[in-house]
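This report introduces a single structure to a reader who has not met it before. It considers the cysteines, the nonpolar core, one loop residue and the salt bridges in turn.

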Amino acid sequence: MTKCVKYWLKLLDLNDNRYPRYTYLMLYELDRPGRHTWATDIRVLLYTYGFGYAWEAQGVGNQPMFIRLFKQRLIDNAIQIWHSNIENNGKLELYSMYKTTLELEKYLHCVPNIKHRIAMTKFRCSVHKLEDIKVCPEKSDCANFVKG
């Protein structure tokens, strides 16, 4: 998403006689009455993350600073959605007690085999295909149970 915004900012800096800038201005004018274009997607993106002022002004003052703020807002929003999804999922109650930050766990760096890392991750997230194992309560009729 940041690449789209960077390109949008680049288009805004071009002279009006350049074809990419001229094309953007056409898309901008088509967006105004409600036609869906690439400019519409940029407008929605900026408004969604709280940067509607940049769309209204058709530019920003300090572009590198704006891009840093935009990237940080995307990261913060993703983390907020991640936390919300974990809190609202009953299956992840135990997981949410141990996993408090959205980052790669250190123990995964120690496992060189990618298949083992995937299996460990699936196990930790409870998306594995292990079945419930029933333990035989008595020594009689243990044909259908695992002896415990």
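C4 is partly exposed, its relative accessible area being 35%. C110, by contrast, counts as exposed at 63% relative accessibility. The model discussed here is a predicted one, and a search of the whole structure finds zero disulfides in it.

The next topic is the nonpolar core. The largest such core holds 21 residues, and V5, W8, L46 and F66 touch the most other members. Helices α1 (2-13), α2, α3, α4 (52-57) and α5 (63-87) each supply at least two residues of this core. The most is given by α1, which contributes five residues. For F66, the contacts beyond its neighbours within four places in sequence are V5, L9, L46, F51, Y53, A54 and V60. Two of the core residues named above, V5 and L46, thus appear among the contacts of F66.

Attention now turns to a loop. T37 is located between α2 (19-31) and α3 (38-48). This loop residue is buried, with 9% relative accessibility. When its neighbours within four places in sequence are left aside, T37 is in contact with L27, L30 and D31.

D31 also takes part in a charged pair. Side chains of opposite charge can pair when their charged atoms come close. The count of salt bridges in the model comes to three, and they are set out below.

| Salt bridge | Closest N to O distance | Citation |
|---|---|---|
| D16 and R21 | 2.9 Å | |
| E29 and R32 | 3.5 Å | |
| D31 and R43 | 3.0 Å | |

In the pair of R43 and D31, the side chains meet at 3.0 Å, N to O. R43 belongs to helix α3 and D31 to helix α2, so this salt bridge ties together parts that are 12 residues apart in sequence. D31 is buried, with a relative accessible area of 5%, whereas R43 is partly exposed at 26%.

The partners in the other pairs can be described in the same terms. In the bridge between D16 and R21, D16 counts as partly exposed at 48% relative accessibility, while R21 is buried, with a relative accessible area of 13%. In the bridge between R32 and E29, R32 counts as exposed at 57% relative accessibility, and E29 is partly exposed at 45%.

D31 therefore links two of the topics treated here, because D31 is in contact with the loop residue T37 and forms a salt bridge with R43 of helix α3.

Methods
Residues numbered from 1 in each chain as written. Predicted model: local features only at pLDDT ≥ 70, side-chain atom pairs only at ≥ 80, totals over all residues. Heavy atoms only, no water. Disulfide = S-S within 2.5 Å. Buried < 20%, exposed > 50% of the residue type's maximum accessible area, 1.4 Å probe, protein only. Helix = DSSP H or I, 4+ residues; strand = E, 2+ residues; numbered from the N terminus. Contact = heavy atoms within 4.5 Å. Core = buried A, V, L, I, M, F, W, Y, C linked by side-chain atoms within 4.5 Å. Salt bridge = Lys/Arg side-chain N within 4 Å of Asp/Glu carboxyl O.
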